Amino acid sequence: MVRHGRPARPVHAPPAVAGPAPLAPRAKLLPSMSAIYRAQLSRARVARIPLLFVATFQSIGIMVLMRGVVDGGPGARAVVSGSSVLVVAFVALNLLAQYFGQLRASGGLDHYATLPVPPAAVVLGTAGAYASFTVPGTAVTAVVGSALFQLPLSHLWILVAVIPLAGAALAGLGAACGLLARRQEVATLLGQLGMSAALLLGVLPADRLPELIRWARDLLPSTYGVEALARTFDARPDWSAVGLDLTVCAAVGVASLAVATWAYRRAAVR
């Protein structure tokens, strides 16, 4: 066909569609966890700094009060180590339980459920961010407590292991409490009870507790981080016992994070 003296261009049929385009591959665990960790840590630095100050001030205040009761020896080591780990319990257990409880109550879990990331990445990234946020307060509490009770500072580098391991165990427990609680108020109550248990069972010297309370103390995840830190205040620390306490703390952390991941899957599909 010729139009206005020029041959018309041939009309080509559209190519046949072979099928739907393939979906993008699912995000891997480590990159997803890293992205969630950075996002949560950035959010925590803005919203949680006043609470971290409160947690640190609270732990230092407890040590000042206990200074009038405990002069030194095993009691002083228990007070300083327990007060230091209490900062981790306040943030990683109490605040994380409230955070996940609020997410579940407000429907915020639906946002995470739509992301193409593994459920473990959400739990591990958030728990890691909250545990990392406790580092300054825990270090300040340990240094102030050591100076207050005249304990050596030479082995405080053990906090590099105590904070992440105790933080993982307590954060997993806090996340599980927040995700399994049917109401936000219950999640807040469980977080407060957990922090109170860390206060009463971690700060008080174990040899002054009744036998039944000692058994309850052994079930608390933070106990083994407290024991590991307390042993390093000895003149000659028993490093094998310290390593055993940290190993138990790590095992409890893996178990609690696994439970928190299961709780996240359960809450996200409801």
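Start at the N terminus and follow the protein chain: its elements run β-β-α-α-α-α-α-α-α-α-α-α-α. That makes 11 helices and two strands. Keep in mind that this is a predicted model.

**Stop 1: the whole chain**

Show the protein chain as a cartoon. Buried residues make up 46% of its 270 residues. Next, think about contacts between residues with a separation of 6 or more. In the protein chain, 84% of these contacts are between residues 24 or more positions apart.

**Stop 2: the nonpolar core**

Select Leu96, Phe149 and Tyr264. These residues have the most contacts inside the largest nonpolar core, which has 66 residues. Which helices supply at least two residues of this core each? Colour them one by one: α2 (49-67), α3 (74-106), α4 (109-114), α5 (119-132), α7 (159-180), α8 (184-203), α10 (223-231) and α11 (239-268). Helix α3 gives the most, with 17 residues. There is a general pattern to remember here. In soluble globular proteins, nonpolar side chains tend to be buried together.

Now zoom in on Phe149. Leave out residues up to four places away in sequence. Phe149 then touches Met63, Met66, Arg67, Val70, Asp71, Ala76, Val79 and Val80. Show those side chains as sticks and go round them in turn.

**Stop 3: α3 against α7**

Hide everything but α3 and α7. Their axes are 7 Å apart, and the helices pack at an angle of about 30°. Are they roughly parallel or roughly antiparallel? An angle under 35 degrees counts as roughly parallel, and α3 and α7 are therefore roughly parallel to each other. Their crossing is right-handed.

Add side chains to see where the two helices meet. On the α3 side, select residues including Val85, Ala89, Leu96, Phe100 and Arg104. On the α7 side, residues to select include Val162, Gly167, Leu170, Cys177 and Leu180. Leu96 deserves a second look: it is also among the residues with the most contacts inside the largest nonpolar core.

**Stop 4: α10 against α11**

Switch to α10 and α11. The axes of these two helices come within 8 Å and cross at roughly 160°. That makes α10 roughly antiparallel to α11. The crossing of α10 and α11 is left-handed.

Select Tyr224, Gly225, Glu227, Ala228 and Arg231 in α10. They meet Ala241, Val242, Asp245, Leu246, Val248 and Cys249 in α11.

Stay here and look at the loop between α10 and α11, where Ala235 lies. Is Ala235 buried or exposed? At 79% relative accessibility, Ala235 counts as exposed. Now draw a line from its C-alpha to that of Leu151. The two residues are 84 apart in sequence, and their C-alpha atoms are 9.6 Å apart in space.

**Stop 5: salt bridges**

How many salt bridges does a search of the whole structure find? It finds five. Side chains of opposite charge can pair when their charged atoms come close. Visit three of the pairs.

*Arg231 and Asp245.* Select Asp245 in helix α11. Asp245 forms a salt bridge with Arg231, and the closest N and O atoms are 2.7 Å apart. The pair links distant parts of the chain: Asp245 is in helix α11 and Arg231 in helix α10, 14 residues apart. Asp245 counts as buried, at 9% relative accessibility. Arg231 is partly exposed, with a relative accessible area of 30%. Asp245 also touches Tyr224, Glu227 and Ala228.

*Arg217 and Glu227.* Move to Arg217, which forms a salt bridge with Glu227. Here the closest N and O atoms are 2.8 Å apart. Arg217 lies in helix α9 and Glu227 in helix α10, so the pair ties together parts that are 10 residues apart in sequence. Arg217 counts as buried, at 6% relative accessibility.

*Arg214 and Glu211.* Finish inside helix α9 (residues 211-219), where both of these residues lie. They are three residues apart, about one turn of the helix. Their salt bridge has its closest N and O atoms 3.7 Å apart. Both partners are partly exposed: Arg214 at 31% relative accessibility, and Glu211 at 44%.

Notes:
Residues are numbered from 1 along each chain as its sequence is written. This is a predicted model: local features need pLDDT of at least 70, side-chain atom pairs count only at pLDDT 80 or more; totals for chains, interfaces and linings use all residues. Side-chain values use heavy atoms; hydrogens and water are left out. A nonpolar core is a set of buried Ala, Val, Leu, Ile, Met, Phe, Trp, Tyr and Cys residues joined through side-chain atoms within 4.5 Å. Buried means under 20% relative accessible area, exposed over 50%, partly exposed in between (1.4 Å probe, protein chains only). Helices (H or I, at least four residues) and strands (E, at least two) are DSSP runs, numbered from the N terminus. Contact means heavy atoms within 4.5 Å. A salt bridge is a side-chain nitrogen of Lys or Arg within 4 Å of a carboxyl oxygen of Asp or Glu. Axes are lines fitted to C-alpha atoms, for helices over the stretch in contact, and angles run from 0 to 180 degrees between N-to-C directions. Angles under 35 degrees count as roughly parallel, over 145 as roughly antiparallel, 65 to 115 as roughly perpendicular and the rest as oblique. A crossing is left-handed if the near helix is turned anticlockwise from the far one by less than a right angle, and right-handed if clockwise.
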